[in-house]
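Q: Got a model open here and would like to talk it through. Can we start with the strands?

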Amino acid sequence: MVWISKKEIAYYIILREEFRDRVFNLGEAIDLLQLFGSRNVARKVIKNLVKKGFIKEIDSLNYKMGDLEGAFKKLLYEYIRQRFYRALKSRGYGITVDREGNKRLIVVCKEDAEPWLQLLASLKEFGINVVKCKKELH
């Protein structure tokens, strides 16, 4: 997983302060950011911020600032899923990871997992679905 850099955070804050909720084009963003670095660096950082979900691409030249919390959730989704998987595995739960479309499905196979399943319902917002299977894994 690629983390967000200090430069990307700084550029995000600059763009957020300038454009807030309005649509802006690539040229406007580069003109603003070239005060802090080259045009090529500004273009690359914008591309990375789009890829990571911090900026939403309207079309090939127009953008809108993304939701910060949603972008961090997207960025950290894989980390959260791995930590959850390892924590249950270390506690002796028989678990497996399956794919269902673009979502990952974590299957917990243990009878005493019922309290966990209710508690972890909130993880659905991260794209993690936890289901109790009928029989124990071997």
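A: Strands β2 and β3 pair in the antiparallel sense, over three bridges. Note that this is a predicted model.

Q: What joins β2 to β3?
A: A hairpin, which runs through four residues.

Q: Which residue stands opposite Tyr63 there?
A: Glu57 stands opposite Tyr63 of β3.

Q: How does strand β1 run relative to β3, and how many bridges join them?
A: Strand β1, residues 24-25, runs antiparallel to β3, and two bridges join them. Tyr63 in β3 is the bridge partner of Phe24.

Q: Where do the side chains of β3 point?
A: They alternate along the strand, which covers residues 62-65. Tyr63 and Met65 point to one face and are buried. Asn62 and Lys64 point to the other face and are not buried. In a regular strand, side chains do alternate between the two faces of the sheet.

Q: OK, switching to charges. How many salt bridges are in the whole structure?
A: A search of the whole structure gives five. One of them pairs Glu8 with Lys52, with 2.8 Å between the closest N and O atoms.

Q: Which parts does the Glu8 and Lys52 pair tie together?
A: Glu8 sits in helix α1 (residues 6-19), while Lys52 is in the loop between α3 (39-51) and β2 (55-57), so the salt bridge ties together parts that are 44 residues apart in sequence.

Q: Are Glu8 and Lys52 buried or exposed?
A: Glu8 is buried, and Lys52 is buried too.

Q: What about Lys44, where is that?
A: Lys44 is in helix α3. Its C-alpha is 9.7 Å from that of Glu8, and the two residues are 36 apart in sequence.

Q: Is Lys44 buried or exposed?
A: Lys44 counts as exposed, because its relative accessibility is 57% and the cut-off for exposed is over 50%.

Q: Which residue forms a salt bridge with Asp31?
A: Arg39 does, with the closest N and O atoms 3.3 Å apart. Asp31 has a relative accessibility of 44% and so counts as partly exposed. Arg39 is at 39%, so it also counts as partly exposed.

Q: And what does Lys73 pair with?
A: The side chain of Lys73 meets that of Glu69 in a salt bridge, 3.5 Å from N to O. Both residues lie in helix α4 (residues 68-90), four residues apart, which is about one turn of the helix. Lys73 counts as partly exposed, because its relative accessibility is 27%.

Q: Back to Asp31 and Arg39. Which helices meet through them?
A: Asp31 is in α2 and Arg39 in α3. On the α2 side the meeting residues are Leu26, Ala29, Ile30, Asp31 and Leu33, and on the α3 side they are Arg39, Ala42, Arg43 and Ile46.

Q: At what angle do α2 and α3 pack?
A: The angle is about 125 degrees, with the axes 9 Å apart. The two helices are therefore oblique to each other. The crossing of α2 past α3 is right-handed.

Q: Last topic, the overall layout. How many helices and strands does the protein chain have?
A: The protein chain has five helices and six strands. Along the sequence the pattern reads α-β-α-α-β-β-α-β-β-α-β.

Q: What share of the protein chain counts as buried?
A: 34% of its 138 residues.

Q: And how much of the contact total comes from residues 24 or more positions apart?
A: Such residues account for 49% of the contacts in the protein chain with a separation of 6 or more.

Key: Residues are numbered from 1 along each chain as its sequence is written. This is a predicted model: local features need pLDDT of at least 70, side-chain atom pairs count only at pLDDT 80 or more; totals for chains, interfaces and linings use all residues. Side-chain values use heavy atoms; hydrogens and water are left out. A salt bridge is a side-chain nitrogen of Lys or Arg within 4 Å of a carboxyl oxygen of Asp or Glu. Buried means under 20% relative accessible area, exposed over 50%, partly exposed in between (1.4 Å probe, protein chains only). Two strands pair if DSSP finds at least two bridges between them. Axes are lines fitted to C-alpha atoms, for helices over the stretch in contact, and angles run from 0 to 180 degrees between N-to-C directions. Angles under 35 degrees count as roughly parallel, over 145 as roughly antiparallel, 65 to 115 as roughly perpendicular and the rest as oblique. A crossing is left-handed if the near helix is turned anticlockwise from the far one by less than a right angle, and right-handed if clockwise. Contact means heavy atoms within 4.5 Å.
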